[in-house]
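Here are some exercises to work through with the sequence and the model open side by side. Try each task yourself before reading the solution beneath it.

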Amino acid sequence: MDMNSDLSPFLREHYKGADGLREILKSTKSFTDQIPGKLRGMQTRYLEQNPSLYTPNQRQLMGYCLEAYLYKEFSSDWLAEQIWSIVHTGSGDRPLTEVLWNSFDAHDTADVDTAALSLLLDNFLVQSAAFIDFYLLYLWMFFRQEPLDKGFVKWPKVEKMLRSTEEPPFDDKARKILAYLQEKVFSGQISWNVCSVGNWGAVVSALRHKVVHRDRALPSLDQGKSLTSIMIRDWADELKSIGCARFCEDVRGDMFYMVSTLAGVLYDEEWKPGL
């Protein structure tokens, strides 16, 4: 939008900021838009080919959870792009541990780039963990489980459900999805590699918990230990040394890899790259 000379300086800054956010959102949509349409199409074809597997209510819940996890995935993408914009226009990427330390221990807003990265990372973790929650809820609905009173399920409950699924045609799907999630998402191995981490789901969920429930996570001040140092003490060196933007990019890759890989299992249809 063109700046109007009649606008106050305060309002001009709002226009500038809003235009920047809109541009990043449009850019994010330009390279992520094909994924939701592809998944909707795969689910639609699967339901058309299996008309007797689900009740109308189950179909509606599946559709709702699909849209919810896609929305959270897009939210994560948009926030990651904002993080990259700070990195590319500032002093470069900062170590993830440094950004977490500012968020959990230093609480410094004097350095604009550090503050921006900390605030954006906090929100990225919240949205990425919400994506995981809604994806697990989608699996819960896909395997025709009863909706829970509080609406959501966590990995141990989904893991137990997948283990106990023995009825065709869901038994083989459950076995393959369980193996993937145990090996690629919730393995218990604290390590980090692009799009191949075995515990990225647990790492993201744990960090999100620290962000949201700060009242339950305090540093050991009497021992001179920061909250960040306590939190990362069991992390592998690769995770301790990764940059903040690189971390977020890897999580985005892991999210896409999980969704695209398991779509082929869920819908009996190979995921085809491109449009």
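## Helix pairs

H3 and H5 are roughly antiparallel to each other, because the angle between their axes is over 145 degrees. Please keep in mind throughout that this is a predicted model.

**Exercise 1.** Describe how helix H3 and helix H5 pack: at roughly what angle do their axes cross, and within what distance do they come?

*Solution.* Start by finding the two helices: H3 covers residues 56-89 and H5 covers residues 112-142. Next, look at their axes, which come within 8 Å and cross at roughly 160°. Then turn to handedness: H3 passes H5 in a left-handed crossing. Finally, sort the residues of the contact of H3 with H5 by type, which gives 25 nonpolar, six polar and three charged.

**Exercise 2.** Now take helix H7 and helix H11, and work out whether they are roughly parallel or roughly antiparallel to each other.

*Solution.* H7 spans residues 170-185, and H11 spans residues 244-267. Their axes cross at roughly 165° and come within 9 Å. Angles over 145 degrees count as roughly antiparallel, so H7 and H11 are roughly antiparallel to each other. As for handedness, H7 passes H11 in a right-handed crossing.

**Exercise 3.** Stay with H11 and bring in helix H8: how is H8 placed relative to H11?

*Solution.* Find H8 at residues 200-212. The axes of H8 and H11 come within 11 Å and cross at roughly 125°. That angle makes H8 oblique to H11. H8 passes H11 in a left-handed crossing.

## The whole chain and its core

**Exercise 4.** Take stock of the chain: how many helices and how many strands are there?

*Solution.* Counting the elements gives eleven helices and zero strands. Read from the N terminus on, the elements therefore run α-α-α-α-α-α-α-α-α-α-α. For burial, consider the 275 residues of the chain, of which 46% count as buried.

**Exercise 5.** Find the largest nonpolar core: which residues have the most contacts inside it?

*Solution.* The largest nonpolar core has 76 residues. Those with the most contacts inside this core are Leu39, Leu121, Phe142, Leu162, Leu181 and Phe247. Then ask where the core residues come from: H5 gives the largest share, 16 residues.

## Cysteines

**Exercise 6.** Check the cysteines: how many disulfides does the structure hold?

*Solution.* The structure holds zero disulfides. Take Cys244 to see this at one site: the nearest cysteine sulfur is that of Cys248, 4.6 Å away. A disulfide calls for sulfur atoms within 2.5 Å, so a pair at that separation does not count. Cys248 is likewise in no disulfide, and the nearest cysteine sulfur to Cys248 is that of Cys244. Now add accessibility, where buried means under 20%. Cys244 has 0% relative accessibility and so counts as buried. Cys248, at 1%, counts as buried too.

## Loops and backbone details

**Exercise 7.** Look at Ile242 and Phe186: where does each residue lie?

*Solution.* Ile242 is in the loop between helix H10 (237-241) and H11. With 10% relative accessibility, Ile242 counts as buried. Its C-alpha atom is 6.0 Å from that of Leu96, although Ile242 and Leu96 are 146 residues apart along the chain. Phe186 sits in the loop between H7 and H8. Phe186 is buried as well, its relative accessible area being 16%. The C-alpha atoms of Phe186 and Gly201 are 5.8 Å apart, with these positions 15 residues apart along the chain.

**Exercise 8.** Inspect the backbone: is the peptide bond from Pro168 to Pro169 cis or trans?

*Solution.* The bond is cis, with omega near 0°. Pro169 lies in the loop between helix H6 (155-164) and H7.

**Exercise 9.** Compare Arg144 and Asp268: is each one buried, partly exposed or exposed?

*Solution.* Begin with the backbone of Arg144, which has a positive phi of about 60° although Arg144 is not a glycine. Arg144 is in the loop between H5 and H6, and at 25% relative accessibility it counts as partly exposed. Asp268 also has a positive phi, near 55°. Asp268 is in the segment after H11, and with a relative accessible area of 56% it is exposed.

Note on methods: Residues numbered from 1 in each chain as written. Predicted model: local features only at pLDDT ≥ 70, side-chain atom pairs only at ≥ 80, totals over all residues. Heavy atoms only, no water. Buried < 20%, exposed > 50% of the residue type's maximum accessible area, 1.4 Å probe, protein only. Axes fitted to C-alpha atoms, helices over the stretch in contact; angles between N-to-C directions. Helix = DSSP H or I, 4+ residues; strand = E, 2+ residues; numbered from the N terminus. Parallel < 35°, antiparallel > 145°, perpendicular 65-115°, else oblique. Left-handed = near helix turned anticlockwise from the far one by under 90°. Nonpolar A, V, L, I, M, F, W, Y, C, P; charged D, E, K, R; others polar. Core = buried A, V, L, I, M, F, W, Y, C linked by side-chain atoms within 4.5 Å.
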